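Hi,

Here is the structure we talked about, with my notes underneath. Have it open while you read, since the notes go strand by strand.

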Amino acid sequence: ANSTANAAPTDLNTPSALQVAENQSVGTVVGQLTATDPDANATLTFTLVVGQNDNHLFSIDTNGTLKTAAVFNYESNSSYTIQAKVRDQHNLWLKKNFTVQNLNCT
């Protein structure tokens, strides 16, 4: 049996900036969240923390693909803040805030 203690995920991040053009339909991909875990064969699951910041305007699938859950208007808001959470199969987790830029289409 493996007696090594489980370690929490680390390095919750995005390979590129999170951004979305205004007036895009709901379900538009905003970007990808990634994380690493020191444990071999860890299963990482991504979620948005309910009730935090502008999370209600976005959705995320368990593998970290962030999508819009609303149509954005640059004139009313040019950036949004979300709080994402990644957890492993032993329920150790890491939370981090990210900014999503809303791009003006002129």
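Let me start with a small one to get you oriented: which residue is the bridge partner of Gln-32 in E7? That partner is Thr-65. Before going further, please keep in mind that this is a predicted model.

**The three-stranded sheet**

The Gln-32 bridge belongs to the pairing of strand E3 (residues 29–32) with strand E7 (residues 65–68), which is antiparallel and has three bridges. Another of the partnerships here is Gly-31 with Leu-66 in E7.

E7 also pairs with strand E6 (residues 58–60), again through three bridges and in the antiparallel sense. On that side, Ser-59 has Lys-67 in E7 as its bridge partner.

Put together, you get an open sheet of three strands, ordered E3-E7-E6, with antiparallel pairing. E3 and E6 have a single partner strand each and stand at the edges, so one side of each has no neighbour in the sheet. On average, neighbouring strands in this sheet are turned by 25° against each other, ignoring direction.

**The E6–E7 turn and Thr-62**

E6 and E7 make a hairpin with four residues between them. In the turn, Gly-64 has a positive phi of about 100°.

Thr-62 sits in the loop between E6 and E7. Is Thr-62 buried or exposed? Its relative accessible area is 53%, and exposed means over 50%, so Thr-62 counts as exposed. Thr-62 still has company from elsewhere in the chain: beyond its neighbours within four places in sequence, Thr-62 is in contact with Leu-44, Thr-45 and Phe-46. If you want a distance to check on screen, the C-alpha atoms of Thr-62 and Thr-81 are 19 Å apart, and those two residues are 19 residues apart along the chain.

**The four-stranded sheet**

There is also an open sheet of four strands, in the order E2-E9-E8-E5, and its pairing is mixed. E2 and E5 are the edge strands, each pairing on one side only. Neighbouring strands here are turned by 30° against each other on average, direction ignored.

At the E5 end, four bridges join E5 to E8, and these two strands run antiparallel. You can find this pairing by looking for Phe-46, which stands opposite Val-86 in E8. Phe-46 is also one of the residues that Thr-62 contacts.

**The core**

How many residues are in the largest nonpolar core? There are 20, and those with the most contacts inside it are Leu-12, Leu-18, Leu-33, Phe-58, Leu-66, Ile-82 and Val-100. Strands E2 (18–21), E5 (45–48), E6, E8 (79–87) and E9 (93–103) each supply at least two residues of this core. E8 gives the largest share, four residues.

Val-100 is a good one to click on. Not counting residues up to four places away in sequence, Val-100 touches Leu-18, Gln-19, Val-20, Val-30, Phe-58, Leu-66, Ser-78, Ser-79, Tyr-80 and Ile-82.

**Aromatics**

The structure has three aromatic pairs. One of them is Phe-58 with Phe-72, a tilted pair at 5.2 Å centre to centre with 35° between the planes. Phe-58 is in strand E6 and Phe-72 is in the loop between E7 and E8, so this pair ties together parts that are 14 residues apart in sequence. Both Phe-58 and Phe-72 are buried. Phe-72 pairs with Tyr-80 as well, also tilted, with 4.7 Å between the centres and 40° between the planes. Ring pairs thus link Phe-58, Phe-72 and Tyr-80 into a cluster.

Why do Phe-72 and Tyr-80 count as buried? The cut-off is under 20% relative accessible area; Phe-72 comes in at 3%, and Tyr-80 at 6%.

Last, have a look at Trp-93. Lys-85 lies over the face of Trp-93, at 4.9 Å from the ring centre. Lys-95 lies over the face of Trp-93 too, likewise at 4.9 Å from the ring centre.

Shout if anything is hard to find on screen.

Cheers

Technical notes
Residues numbered from 1 in each chain as written. Predicted model: local features only at pLDDT ≥ 70, side-chain atom pairs only at ≥ 80, totals over all residues. Heavy atoms only, no water. Pairing = 2+ DSSP bridges. Buried < 20%, exposed > 50% of the residue type's maximum accessible area, 1.4 Å probe, protein only. Contact = heavy atoms within 4.5 Å. Core = buried A, V, L, I, M, F, W, Y, C linked by side-chain atoms within 4.5 Å. Axes fitted to C-alpha atoms, helices over the stretch in contact; angles between N-to-C directions. Phe/Tyr/Trp six-rings, centres within 6.5 Å; stacked < 30°, edge-to-face > 60°. Lys NZ or Arg CZ within 6 Å of the ring centre and 35° of its normal.
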